[in-house]
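Student: Could you take me through one helix of this model with some care, looking at which of its residues are buried and what covers them, and then set out the other local features that can be described?

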Amino acid sequence: MKLSQRLASVVASVSLLTVALGGCSFVGDAGQAWGIVASDAEKTRKLASVVSALEGVDGVESASSDFSADGPAGDEVQLQVTVSESFDKEHAWSIATITSEALDSVELVEAVPLLTLRIEGNAHSVLTRSFFRYSDEQFAEDFAYWRASEKAVGTELAMSLTEGSITGSYTRTFTAPDDVDAVAAAEHIIENFAALAAVPDETNNPTIWQFAGMRSYPSLPSAETIDLLDDIRDTIALVDYSQLPENPGPDYEYPEGVLLSWNTPFYDAPTSVEVAILQREYRTADWDAALVVAALAAGVPNLTVRYVAGEQQFQVHTSVCAGEIHESSDDQAFYDAALSGGAEFLPGAGPGACIPEQ
């Protein structure tokens, strides 16, 4: 609701209540209502000064703000900034300083903030930040890493900076931007992975890489597993969840394809690596393709290949398991078929999934 509309509504409500009930006990309520309106006005004025300061940073093409007092979590503040293609780390530091100081101000300290930063001329390249309790220097380094990563892979990327699972920490997430072909973005990463892996990262920040056919945390997967994914996609398409509805119904048909998962769940924990072939039902052609994948993965250590076919599941691990093996009769059939098809597994390989010791 606009400030002028809210003011008119409050004035009308206070006037009616005062007339109807004599005005005795509602003088305090009226004062409180006026206080809310005045507070909103102060916040709006503060945001206007922030926008003016942002527009004064070299390389900022435009800046704007939105304020809502009716958000699910209370006051919501949004800042939108568009910067030039040549915008650099030092100027990003200036943006961080201006926004951090503003959000620490009396007017905005209780607001729920969101900063959205875009690159002029790059329709889909976007950085969003909703967590601000870390240094301006770190934000500048994140900005530099985002821009260098885009250049390395040759496509636009979306990067979000959100609150982490540990109090006071934050998580960086890379995805394909909205309205961008998610599979094409993933292919850019696969094809230019060496350049991406070589990008210096001054933050060493836990990062989620979530693209068609790939999800990794807290770092990029190994080059060996990306090479494997590159070989697999000639046989099975990368699974694309970019159009997945927020609340899929019971009859929703989930996408099919292959997914590489690289996950280190917490500090010093072993990394779990899996290639999953995800199909809605069992089909002979998919079984044959899964055996091809098992053969391709046979020489990659510390990896589980999982083939899901509706309610059935077939798994093999590719080398010695430093943990527990979860095995079923279907797993044995899958492993035996892969061996019969010529798969050359490493010593210690066998049926079932390897669950690393924690």
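Tutor: In this predicted model, the buried residues of helix α5, which spans residues 182-191, are A182, A185, A186, I189 and I190. Around the helix axis these residues cover an arc of only 140 degrees, which means that they lie on the same side of α5. The general background is that an α-helix has 3.6 residues a turn, so residues three or four places apart point the same way. The cover over the buried residues of α5 includes the helices α4 (136-153), α6 (193-197) and α7 (223-232), together with the strands β7 (207-211) and β8 (214-217).

Turning to a helix pair, α8 (residues 284-297) and α9 (residues 329-340) have axes that come within 9 Å and cross at roughly 70 degrees, and the two helices are therefore roughly perpendicular to each other. On the α8 side the contact is made by W287, A290, L291 and A294, which meet A333, F334, A337 and A338 of α9; by class, this contact has eight nonpolar residues and no polar or charged ones.

There is also one disulfide in the structure, formed by C321 and C354, whose sulfur atoms are 2.1 Å apart. The link of C321 and C354 is right-handed, with 85 degrees about the S-S bond. Because C321 lies in the loop between β12 (312-317) and β13 (323-326), while C354 belongs to strand β15 (residues 353-356), the pair ties together parts that are 33 residues apart in sequence. C321 has a relative accessible area of 16%, and C321 therefore counts as buried, the cut-off being under 20%.

Note on methods: Residues are numbered from 1 along each chain as its sequence is written. This is a predicted model: local features need pLDDT of at least 70, side-chain atom pairs count only at pLDDT 80 or more; totals for chains, interfaces and linings use all residues. Side-chain values use heavy atoms; hydrogens and water are left out. Axes are lines fitted to C-alpha atoms, for helices over the stretch in contact, and angles run from 0 to 180 degrees between N-to-C directions. Helices (H or I, at least four residues) and strands (E, at least two) are DSSP runs, numbered from the N terminus. Angles under 35 degrees count as roughly parallel, over 145 as roughly antiparallel, 65 to 115 as roughly perpendicular and the rest as oblique. Contact means heavy atoms within 4.5 Å. Ala, Val, Leu, Ile, Met, Phe, Trp, Tyr, Cys and Pro count as nonpolar, Asp, Glu, Lys and Arg as charged, and the others, Gly among them, as polar. A disulfide is a pair of cysteine sulfur atoms within 2.5 Å. Buried means under 20% relative accessible area, exposed over 50%, partly exposed in between (1.4 Å probe, protein chains only). The arc is that of the directions from the helix axis to the C-beta atoms.
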